[in-house]
Every structure is written in structure tokens, then in C-alpha cells.
Amino acid sequence: MDIYTLLDNLMKGATVDERTVSVLDQIRRLHRNPVAHDVFLDIDEAVDLFDIAKSAITAMVRDPKVKFFS
């Protein structure tokens, strides 16, 4: 499943915490596309992206409405 489909499914659910969707959308908007197109990150950018990814994982794990398995 790609990130667009994931976000679309989460937004349609309307029960998922907005913060969860927001942090995932931030990764999509600001980091995903450049990383997918041969853009190299410097160490500070890589650490920032890693920290945002940790926030996204934490938000999904803490949100009881996010289901990882059907």
C-alpha cells in the first residue's frame, strides 16, 4: 500500500486521531517525494526525517483506532 492510499483510508475512517494523519501527511508532503527521487540528505536532514518517522510510529501505536492488521 502506498502512502497516498494509506492516508486516504485513514482520513475516510474519520475516527483516527487527526494528529496521526497529520504527521504522516507531513512526511508525505515534505520528505517522501524528494527522498524517492535521488535526493541525498545531509546528516541533519536525515536525523530530522528519522525523528518525524519516530513521531509517526508513536502516534499510530498510541492511537487505538489505527488497525495494523485486518
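Let me begin with burial: a residue is called buried under 20% relative accessible area, exposed over 50%, and partly exposed in between, with a 1.4 Å probe and protein chains only. What you see above is a predicted model, in which local features need pLDDT (the predictor's confidence in each residue, from 0 to 100) of at least 70 and side-chain atom pairs count only at pLDDT 80 or more, while totals for chains, interfaces and linings use all residues. Residues are numbered from 1 along each chain as its sequence is written, and side-chain values use heavy atoms, with hydrogens and water left out.

The protein chain has three helices and zero strands, where helices (H or I, at least four residues) and strands (E, at least two) are DSSP runs numbered from the N terminus. Its mean pLDDT is 77, with 79% of the residues reaching 70 or more; among the elements, helix H3, residues 43–62, has the highest mean at 87, and helix H2, residues 18–36, the lowest at 75. Of the 70 residues in the chain, 26% count as buried.

Now to the interior. The largest nonpolar core, meaning a set of buried Ala, Val, Leu, Ile, Met, Phe, Trp, Tyr and Cys residues joined through side-chain atoms within 4.5 Å, has 11 residues, including Ile3, Leu24, Ile27 and Ile52. Helices H1 (3–13), H2 and H3 each supply at least two residues of this core, and H2 gives the largest share, four residues.

Which residues does Ile52 contact, leaving aside neighbours within four places in sequence? With contact taken as heavy atoms within 4.5 Å, they are Val23, Gln26, Ile27 and His31. His31 itself lies in helix H2 and is buried, at 17% relative accessibility. Beyond residues up to four places away in sequence, His31 touches Gln26, Leu49 and Ile52, and its C-alpha atom is separated by 7.1 Å from that of Leu49, 18 residues apart along the chain.

Finally, the charged pairs. A search of the whole structure finds two salt bridges, each being a side-chain nitrogen of Lys or Arg within 4 Å of a carboxyl oxygen of Asp or Glu. In one, Arg28 pairs with Asp25, the closest N and O atoms being 2.8 Å apart; these residues are separated by about one helical turn, because they are three residues apart in helix H2. Arg28 is buried, with a relative accessible area of 19%, and Asp25 is buried, also at 19%.

In the other, the side chains of Asp51 and Lys54 meet at 3.3 Å, N to O. Asp51 counts as partly exposed because its relative accessibility is 33%, and Lys54 is partly exposed at 42%.
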